[in-house]
Amino acid sequence: MGERDTGGGMAARGTGIPASRCACGTVTAPPAPHCPECGGPMALDTLPAVGEILSYTILHSPPAGFAAPLPIALVELAGGVKFLCHGHGEQVGRYRIGRQVAIEEVDGIYYFSTMTLRERIALFWRRRGEMEEKMGSILRSVFRRPRRP
């Protein structure tokens with residue numbers, strides 16, 4: 001899926017979230033064999049490992065096997081895909097609805113963490129570059145078309 005293992009079963013931050021995409025346009029994460037909308041086959045895809053917190057809660061008495069406090073958030077990924085993941089207890093005071101977060105996988109569990117200023121700036125410039133590339137492509141196609149008399 002394009003993820004790098006950095007040791008200890010942790011995927012490198014920003015490498016992507018495994019997902020699946022249907023011909024009807026539906027995207028799901030984690031991957032599914034069949035589309036939940038039309039029932040068609042799904043193709044494997046990868047989504048950027050960044051998103052925005054839509055909602056979160058903090059469990060101060062989590063289930064056995066988890067340390068307190070245990071933040072859990074609903075994070076919206078690219079394309080509107082919603083992804084449920086765990087947070088890091090030491091960052092509890094930094095979580096806010098609308099906050100940009102990075103997502104990483106550790107031993108099959110997805111964790112979100114707040115992004116540093118440096119990471120947010122890098123994400124902004126990367127998105128700006130993608131936007132400029134798309135706009136440049138649109139403008140080139142407009143000026144290449146023959147004009148109608």
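The sulfur of Cys-35 lies 3.7 Å from the closest cysteine sulfur, which belongs to Cys-24, and this is too far for a bond, because a disulfide is defined as a pair of cysteine sulfur atoms within 2.5 Å. The sulfur of Cys-38 gives a similar picture: its closest cysteine sulfur is in Cys-22, at 3.6 Å, which is again too far for a bond. By this rule the count of disulfides comes to 0.

Before going further, the reader should know that this is a predicted model, in which local features need a pLDDT of at least 70 and side-chain atom pairs count only at pLDDT 80 or more, while totals for chains, interfaces and linings use all residues. Residues are numbered from 1 along each chain as its sequence is written, and side-chain values use heavy atoms, with hydrogens and water left out.

The protein chain as a whole contains 1 helix and 8 strands, where helices (H or I, at least four residues) and strands (E, at least two) are DSSP runs numbered from the N terminus. Read from the N terminus on, the order of these elements is β-β-β-β-β-β-β-β-α, so that the helix follows the strands. Of the 149 residues in the protein chain, 32% count as buried, a word that here means under 20% relative accessible area, with exposed meaning over 50% and partly exposed lying in between (1.4 Å probe, protein chains only). The protein chain exposes about 9,600 Å², of which carbon and sulfur atoms supply 57%; such accessible areas come from the Shrake-Rupley method with a 1.4 Å probe, and for residues only the protein chains shown count as cover. Among the contacts in the protein chain with a separation of 6 or more, 44% are made by residues 24 or more positions apart, a contact being heavy atoms within 4.5 Å.

A good place to begin with the strands is an open sheet of 3 strands, arranged in the order β2-β1-β3 with antiparallel pairing. In this sheet β2 and β3 stand at the edges, each with a single partner strand, so one side of each is left without a neighbour in the sheet. Two strands are said to pair if DSSP finds at least two bridges between them, and β1 is joined to β3 by 6 bridges and to β2 by 2 bridges. Strand β1, which covers residues 17–22, is mostly covered, since 5 of its 6 residues are buried. At the residue level, Cys-22 stands opposite Met-42 in β3, whereas Arg-21 stands opposite Val-27 in β2. The hairpin of β1 and β2 has 4 residues between the strands, and in this hairpin Gly-25 takes a positive phi near 105°.

Which residue in β2 is the bridge partner of Ser-20? The partner is Thr-28, and the side chains of Thr-28 and Ser-20 are also joined by a polar contact of 2.7 Å. A polar contact is a pair of N or O atoms within 3.5 Å; within protein, one must be able to donate a hydrogen and the other to accept it, and residues adjacent in sequence count only if both atoms are side-chain atoms. Thr-28 is buried, with a relative accessible area of 14%, and, leaving aside its neighbours within four places in sequence, Thr-28 is in contact with Ala-19, Ser-20, Pro-36, Met-42 and Val-81.

The cysteines of the opening can now be placed in this setting. Cys-38 is found in the loop between β2 (27–28) and β3 (42–47), and, not counting residues up to four places away in sequence, Cys-38 touches Cys-22 and Cys-24. Cys-38 and Ala-23 are 15 residues apart in sequence, and their C-alpha atoms are 9.5 Å apart in space. Cys-35, for its part, is buried, with a relative accessible area of 5%.

Further along the chain, strand β4 (residues 50–59) pairs in the antiparallel sense with strand β7 (residues 100–106) over 3 bridges, and Val-50 has Ala-102 in β7 as its bridge partner. Strand β4 also pairs with strand β5 (residues 70–76), in the antiparallel sense and over 7 bridges, with Ile-53 standing opposite Val-75 in β5.

Finally, Tyr-110 has its place in strand β8 (residues 109–114). Tyr-110 and His-86 are 24 residues apart in sequence, yet 6.3 Å apart in space from C-alpha to C-alpha. Not counting residues up to four places away in sequence, the residues that Tyr-110 touches include Ile-17, Pro-18, Phe-83, Cys-85 and His-86.
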